[in-house]
Amino acid sequence: MNLAISEYGLVIEITRNHQSNNDKPIVLSELLRDKGISEYHDDITIIINDQVRALIIDDMPCIEQTTLHIQLKPNAHLRYVLLQRDELILDSVANARITCFVDQNATFEGAVLYTGSQASQVSVVMKLQGMHAQAHLHAAYICSGTMATMLKTEQLHKASHTESSVTMRVLVDDHAQSTYQGMITIEERAPEANAQQEHKALLLSPYAQAKALPQLEVLTHEVRCGHGSAIGMIDQEQVWYLQSRGITAFRAQQMLRQNFIMQVIPSWVPREWYQKIILE
């Protein structure tokens with residue numbers, strides 16, 4: 001692993017596998033501390049070398065504007081978790097912009113877990129620029145109080161036989177507001193592309209708000225594209241069913257909320273990183 005600090009920010013190059021059973025994930029805060037880097041960098045570039053597999057936990061604070069560039073070289077595979085929660089946010093506003101460049105036969109798998117600041121905007125751009133590149137993003141948001149959150153995604157297909165997806169689950173309580181804006185662009189030179197979006201929000205209060213703004217721009221034929229959004233409240237019939245099995249109404253609703261949000265968390269995300277913010 002190589003680290004360098006330049007006038008443009010911090011560059012981290014991953015040169016060997018970090019996804020085997022014996023390897024711990026790369027935790028950015030621990031990595032910088034171990035390397036003696038105490039200063040927070042708001043512009044970071046992560047390079048995953050050819051045929052390297054890595055799991056990265058990004059628990060760095062997102063203050064004002066954080067920019068992350070991820071470059072996956074051919075045949076690389078990155079699993080990346082962006083974690084935002086109250087104790088990691090030092091200010092009331094958190095903004096992060098992530099741009100991921102996915103080369104030929106490379107795969108990006110991302111997860112955004114959010115229970116954080118008063119206001120937040122996360123932007124994830126996935127550029128599939130090599131044949132057979134893949135990019136998949138999972139997002140789990142828990143919003144309460146007067147939070148106002150926005151997730152923007154862009155799935156940009158620039159090569160043929162590429163595949164991308166965005167799957168989002170949102171719990172919105174109290175007077176919180178959640179907005180998802182998703183863009184799929186398939187360029188003329190990207191036939192046989194497959195791009196999907198799915199957004200579901202569960203409203204836990206009559207004052208909670210959630211909305212989705214999906215967009216498609218398809219410039220070629222022979223593609224598969226789809227998007228869907230569903231926003232609603234807890235199904236009371238499910239609550240009554242669980243109550244008939246001896247479960248209290250409070251616990252029944254808690255179970256339904258947890259099940260809803262857990263549907264989107266990939267199995268490869270270490271449990272210790274989401275247990276406190278998702279399951280408690």
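Let's begin in the interior: the largest nonpolar core brings together 50 residues, and those with the most contacts inside it are Ile48, Ile70, Leu72, Leu78, Tyr80, Phe108 and Tyr141. The biggest contribution to this core comes from strand 11 (residues 134-143), which supplies 5 residues. Keep in mind as you look around that this is a predicted model. As background, nonpolar side chains tend to be buried together in soluble globular proteins.

Phe108 is a good place to put the camera. Setting aside neighbours within four places in sequence, Phe108 is in contact with Ile70, Leu72, Leu78 and Tyr80, among others. Its other partners are Cys100, Val102, Met126, Gln134, Ala135 and His136. A second core, separate from this one, has 23 residues, including Leu55, Val81, Ala111 and Ile234.

Ile234 is also a handy link to our next stop, since you will meet this residue again in the lining of the largest pocket. That pocket holds about 170 Å³ of space. Alongside Ile234, its lining is made up of Leu202, Met233, Asp235, Gln238, Leu256, Asn259, Phe260 and Gln263. Sorted by class, the lining has 5 nonpolar, 3 polar and 1 charged residues. Helix 3 (residues 249-262) gives the most to it, with 3 residues.

Now stay with Asp235, one of the lining residues, and turn to helix 2 (residues 236-244). At the start of this helix, a side-chain oxygen of Asp235 comes to within 2.9 Å of the backbone nitrogen of Glu237. Following helix 2 you will find Gly246, with a positive phi near 90°.

Note on methods
Residues numbered from 1 in each chain as written. Predicted model: local features only at pLDDT ≥ 70, side-chain atom pairs only at ≥ 80, totals over all residues. Heavy atoms only, no water. Core = buried A, V, L, I, M, F, W, Y, C linked by side-chain atoms within 4.5 Å. Buried < 20%, exposed > 50% of the residue type's maximum accessible area, 1.4 Å probe, protein only. Helix = DSSP H or I, 4+ residues; strand = E, 2+ residues; numbered from the N terminus. Contact = heavy atoms within 4.5 Å. 1 Å grid on protein atoms, 1.4 Å probe; cavity = no way out; pocket = protein on both sides within 12 Å on 5 of 7 lines; lining within 4 Å. Points joined across faces, edges and corners; volume = space filled by probe spheres on them. Nonpolar A, V, L, I, M, F, W, Y, C, P; charged D, E, K, R; others polar. Polar contact = N/O pair within 3.5 Å; in protein donor to acceptor, adjacent residues only side chain to side chain.
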